[in-house]
Amino acid sequence: MPEAPMGVENRANDRDKRALEFIENVTRNADEVQAQVLAAILTRNADTEYLNKYGLNGRTDRATFKKCLPVITYDDLKSEILRIANGDTSPILSAHPVSEFLTSSGTSAGERKLMPTIQEELERKTLLYSLLMPVMNQYRYMQGLDKGKGMYFFFIKSEAKTPGGLLARPVLTSYYKSRYFKERPYDPYNVYTSPNPTVLCPDAHQSMYSQLLCGLLQNNEVLRMGAVFASGFIRAIRFLEVHWRQFCLDIKTGSLNREVTDPSVRDAVGELLHPNPELADFVERQCSVQSWQGIITRLWPNTRYIDVIVTGAMAQYIPTLDYYSGGLPLVCTMYASSECYFGLNLKPLCKPSEVSYTLLPNMAYFEFLPVHRKQEEAGVILESPAPAIPKTLDEKEREELVELVDVKLGQEYELVVTTYAGLNRYRVGDVLRVTGFYNAAPQFHFVCRQNVVLSIDSDKTDEAELHSAVENSVKHLQPFDAQLIEYTSYADTSTIPGHYVLYWELRLNTKDCSVPSSVYEDCCLTVEESLNSVYRQGRASDNSIGPLEIRVVKEGTFDELMDYALSRGASINQYKAPRCIKFAPIVELLNSRVVHSYFSPQPPQWAPGCRKWVAT
């Protein structure tokens with residue numbers, strides 16, 4: 001690597017040196033590597049149905065590729081993907097057999113998107129994982145991470161089989177169940193407090209309980225902690241708040257809670273669990289203190305950083321993480337999705353607001369569609385709204401796409417990828433801003449997910465979906481001659497787990513008629529039933545999202561909201577009520593006008609798999 005930042009240890013072991021040299025090589029020769037990647041993808045997939053449909057005829061140069069192939073979204077590929085899901089094994093998208101589908105947190109028609117993948121993609125993911133610790137080890141403050149353990153909360157989620165027999169599951173569930181994770185060679189820098197069976201337990205409660213208990217049993221060995229998303233890490237701490245007394249009892253007696261019934265989990269935890277009254281008393285003293293500020297460094301005193309994603313929608317959890325951790329560094333290490341693993345953060349100890357990811361040119365072939373966002377009227381309301389980029393690009397827009405090495409500093413782009421698994425010029429939906437370059441490879445700040453207005457965990461709800469759900473729910477009000485005048489929404493993360501809040505302003509056309517509480521609760525549940533499968537899974541299975549809340553506000557509240565926007569410079573001719581709010585003064589204004597509040601009485605219906613596998 002080039003000149004290291006102040007406080008960085010320049011010496012590295014052989015493995016670290018090889019990893020850093022690899023990063024140096026692919027970033028210095030980024031354009032050459034990109035050309036090689038595209039040629040390799042097009043060569044291996046030359047005889048696929050998809051490439052032949054567009055007349056590529058075995059050519060592998062960039063110019064022909066861009067001339068012949070359209071820039072696409074998931075809906076453009078849906079028929080091909082459903083054919084594969086229903087058992088068609090011909091080379092439709094990839095010459096290599098599709099090994100499984102990775103279910104995206106993004107949705108299409110309310111269901112998770114199915115991303116085809118091939119077996120060798122696991123090798124590329126493992127390669128990226130292998131680069132994370134060598135980058136971290138450069139920092140003097142991080143020396144000695146091989147002398148302790150990482151306490152990470154890893155979980156598997158539900159999976160389903162398509163009619164053709166292929167598994168459909170989240171990308172991390174696929175990785176944790178693969179031999180690359182289960183049979184990983186010993187690495188002193190990647191020793192975890194959670195035994196494999198506790199990670200692979202399908203029961204989320206038992207998995208969380210056993211992983212937390214194992215972390216407490218090894219509390220002095222923990223040097224770093226983490227989870228995938230900040231929301232998941234906070235749920236773990238909240239779980240500890242609820243169950244710490246039972247943990248103390250288990251530790252004191254050396255006997256595992258009977259609620260943990262999975263035999264493999266009981267065996268794995270049993271190897272670590274022995275009577276330890278002294279540790280139990282220590283945990284009790286720390287957890288019984290009224291304030292849980294700094295609880296992480298009190299229980300795990302040697303922890304140096306928290307490894308979680310705090311970019312994008314997860315940034316809303318930073319104050320809570322700071323509270324629980326006592327201000328430990330929050331580290332974002334890598335940028336990945338179900339479609340592809342993209343790159344890593346070469347300055348992992350930077351502030352969360354300064355996180356930038358270097359895209360590694362060997363992972364896929366990257367293109368970038370310029371995004372020109374218009375700030376929302378009185379921008380304080382929506383705060384950098386997600387751009388509305390057209391689904392179908394015209395010829396001029398297609399010509400605007402630029403190569404990895406040709407992006408411009410400060411410009412925002414939508415990411416477009418071509419993968420080994422058969423996605424060609426596929427729009428991922430992420431909007432990125434160029435913040436700099438490492439050698440010839442650009443570095444990007446994650447700006448937002450296209451069109452998303454609400455997100456608590458891995459859920460992503462857009463404005464159209466939210467509006468449709470609200471329209472479905474207000475039908476319950478019709479028998480009472482009540483009318484929804486206006487509404488907006490808010491992702492409330494002050495609760496654990498966080499939950500969606502809808503602010504409704506109503507007009508009761510019949511003065512003597514009131515709407516029963518049970519009807520508002522039915523409205524809440526109908527909204528939830530109308531949302532996508534990722535949201536419903538978070539509510540019904542993962543417990544990562546709390547019950548949806550409707551807050552009814554006084555008549556005239558949205559007029560006051562407009563007045564506030566106008567006072568800050570909005571144009572009365574162009575003003576429209578925002579469908580999502582984030583700006584604290586706006587939230588305070590609405591909360592001050594709330595007259596009633598109602599919650600969904602039960603989780604929405606959800607089951608693994610897709611409601612409709614077959615094409616229509």
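**Exercise 1. Place R266 and decide whether it is buried, partly exposed or exposed.**

Solution. R266 has a relative accessible area of 31%, so it is partly exposed. The scale is this: buried means under 20% relative accessible area, exposed over 50%, and partly exposed in between (1.4 Å probe, protein chains only). The model is predicted, so local features need pLDDT of at least 70 and side-chain atom pairs count only at pLDDT 80 or more, while totals for chains, interfaces and linings use all residues. Residues are numbered from 1 along each chain as its sequence is written, and side-chain values use heavy atoms, with hydrogens and water left out.

Next, find the element. R266 sits in helix α12 (residues 263-270). Helices (H or I, at least four residues) and strands (E, at least two) are DSSP runs, numbered from the N terminus.

Then list the neighbours. Not counting residues up to four places away in sequence, R266 touches L256, N257, R258, V260 and T261. Contact means heavy atoms within 4.5 Å. A polar atom of the R266 side chain lies 3.4 Å from the backbone oxygen of L256.

Last, take a distance. K147 and R266 are 119 residues apart in sequence, and their C-alpha atoms are 27 Å apart in space.

**Exercise 2. Work out how E528 is linked to helix α19.**

Solution. Start with E528. Its place is in helix α18 (residues 517-530). Its relative accessibility is 0%, so E528 counts as buried.

Now look across to Y535. The side chains of E528 and Y535 are joined by a polar contact of 2.5 Å. Such a contact is a pair of N or O atoms within 3.5 Å; within protein, one must be able to donate a hydrogen and the other to accept it, and residues adjacent in sequence count only if both atoms are side-chain atoms.

Widen the view. Leaving aside neighbours within four places in sequence, E528 is in contact with residues including Y535, R536, R539, S600 and Q602.

Turn to α19 itself. Seven of the eight residues of α19 (residues 533-540) are buried, so the helix is largely enclosed by the rest of the structure. Among the buried ones are V534, Y535 and R536. At the helix start, a side-chain oxygen of N532 comes to within 3.0 Å of the backbone nitrogen of V534.

**Exercise 3. Trace the sheet around β16.**

Solution. Write down the order. The open sheet has eight strands, β9-β10-β11-β16-β15-β14-β12-β13, with antiparallel pairing. Two strands pair if DSSP finds at least two bridges between them. The edge strands, β9 (334-336) and β13 (402-403), each pair on one side only.

Take β11 (residues 357-359). Two bridges join β11 to β16 (residues 441-449). Y357 stands opposite F444, and T358 has Q443 as its bridge partner.

Take β15 (residues 426-438). Eight bridges join β15 to β16. Y438 stands opposite A441. The hairpin of β15 and β16 has two residues between the strands, and N439 takes a positive phi near 55° there.

Check burial. Nine of the nine residues of β16 are buried, so β16 is largely enclosed by the rest of the structure.

**Exercise 4. Find the residues that touch the most other members of the largest nonpolar core.**

Solution. The core holds 147 residues, and F233, I296, F366, L415, L477 and W504 touch the most other members. A nonpolar core is a set of buried Ala, Val, Leu, Ile, Met, Phe, Trp, Tyr and Cys residues joined through side-chain atoms within 4.5 Å. Helix α11 (residues 230-253) gives the most to this core, with 11 residues.
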